[in-house]
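Hi,

Here is the structure I said I would pass on. Have a look at it first, and then read my notes underneath.

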Amino acid sequence: MSVRVRRVYEPPEPDDGVRVLVDRLWPRGLAKDAARVDEWPKGLTPSTGLRRWYHADDRPYEEFRERYEAELAAPEAAELLEHVRGLTGQGPVTLLTASKDPEHSHAGVLARLLQD
């Protein structure tokens with residue numbers, strides 16, 4: 001099972017496999033055809049309240065991770081997470097985010113959950 005996280009602004013690579021945008025909003029300044037996004041499960045993204053909380057001040061990543069994992073237990077998010085987990089059984093999956101620090105974002109949390 002191969003799951004990796006990349007910035008959506010990076011050009012697609014042949015070994016990306018299924019490209020899944022994991023941001024709620026479309027990335028600024030990026031044309032949809034240039035992004036080559038295969039799936040965009042918006043219900044898998046952190047809630048607006050959690051995103052605002054995390055970015056408001058210098059919040060601890062571990063607390064964000066715990067809160068986000070709790071949100072992922074909700075039925076819609078859990079179903080979408082299982083769908084993406086199923087994709088990993090078929091080949092490589094690349095989680096795409098506009099975050100400047102993908103490993104310390106929700107995309108990093110998702111990648112770790114999908115690799116477990």
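Below is what I found, starting with the core and ending with a few single residues.

One thing before you dig in: this is a predicted model.

**The core**

The largest nonpolar core has 24 residues, and the ones touching the most other members are F64, Y68, L72, L95 and L110. Quite a few elements feed into this core: strand 1 (3-7), helix 2 (48-56), helix 3 (61-71), helix 4 (75-88), strand 3 (93-97) and helix 5 (106-115) each give two or more residues. Helix 5 gives the most, with 6 residues. As background, nonpolar side chains in soluble globular proteins tend to be buried together.

If you want one residue to click on, try Y68. Leaving out residues up to four places away in sequence, Y68 touches L44, T45, P46, L50, H106, V109 and L110. Apart from the largest core lies another one, made of 5 residues, including V8, L21, L30 and A35.

**Helix 5 and its neighbours**

How many residues of helix 5 are buried? The count is 8 of 10, so "mostly covered" is a fair description, given that buried means under 20% relative accessible area. The buried ones are H106, A107, G108, V109, L110, A111, L113 and L114. They pack against strand 1, helix 3, helix 4 and strand 3. At the N-terminal end of helix 5, S105 acts as a cap, with a side-chain oxygen 3.2 Å from the backbone nitrogen of A107.

The pairing with helix 3 is worth rotating into view. The axes of helix 3 and helix 5 come within 10 Å and cross at roughly 60 degrees, and the crossing is right-handed. From helix 3, the residues in this contact are Y61, F64, R65, Y68 and E69; from helix 5 they are H106, G108, V109, L110, R112 and L113. By type, the residues of this contact divide into 6 nonpolar, 2 polar and 3 charged. Y68 turns up here again, as one of the core residues that touch the most other members.

**Two buried aspartates**

Is D23 buried or exposed? D23 is buried, because its relative accessible area is 10% and the cut-off for buried is under 20%. You will find D23 in the loop between strand 2 (18-21) and helix 1 (32-35). Setting aside residues up to four places away in sequence, D23 touches W40, T45, L96, T97, A98, S99 and H106. With T97 there is also a polar contact between the two side chains, at 2.8 Å. Another pair to look at is D23 and L95: they are 72 residues apart along the chain, yet their C-alpha atoms are separated by 9.5 Å.

The other aspartate is D16, in the loop between strand 1 and strand 2. D16 has a relative accessible area of 0%, so D16 is buried as well. Again not counting residues up to four places away in sequence, the residues that D16 touches are R4, R6, P92, V93 and T94.

**One backbone oddity**

Finally, take a look at R36, in the loop between helix 1 and helix 2. R36 has a positive phi of about 45 degrees although it is not a glycine. Its relative accessibility is 36%, so R36 counts as partly exposed.

Happy to go through any of this with you.

Best wishes

Definitions and conventions
Residues are numbered from 1 along each chain as its sequence is written. This is a predicted model: local features need pLDDT of at least 70, side-chain atom pairs count only at pLDDT 80 or more; totals for chains, interfaces and linings use all residues. Side-chain values use heavy atoms; hydrogens and water are left out. A nonpolar core is a set of buried Ala, Val, Leu, Ile, Met, Phe, Trp, Tyr and Cys residues joined through side-chain atoms within 4.5 Å. Buried means under 20% relative accessible area, exposed over 50%, partly exposed in between (1.4 Å probe, protein chains only). Helices (H or I, at least four residues) and strands (E, at least two) are DSSP runs, numbered from the N terminus. Contact means heavy atoms within 4.5 Å. Axes are lines fitted to C-alpha atoms, for helices over the stretch in contact, and angles run from 0 to 180 degrees between N-to-C directions. A crossing is left-handed if the near helix is turned anticlockwise from the far one by less than a right angle, and right-handed if clockwise. Ala, Val, Leu, Ile, Met, Phe, Trp, Tyr, Cys and Pro count as nonpolar, Asp, Glu, Lys and Arg as charged, and the others, Gly among them, as polar. A polar contact is a pair of N or O atoms within 3.5 Å; within protein, one must be able to donate a hydrogen and the other to accept it, and residues adjacent in sequence count only if both atoms are side-chain atoms.
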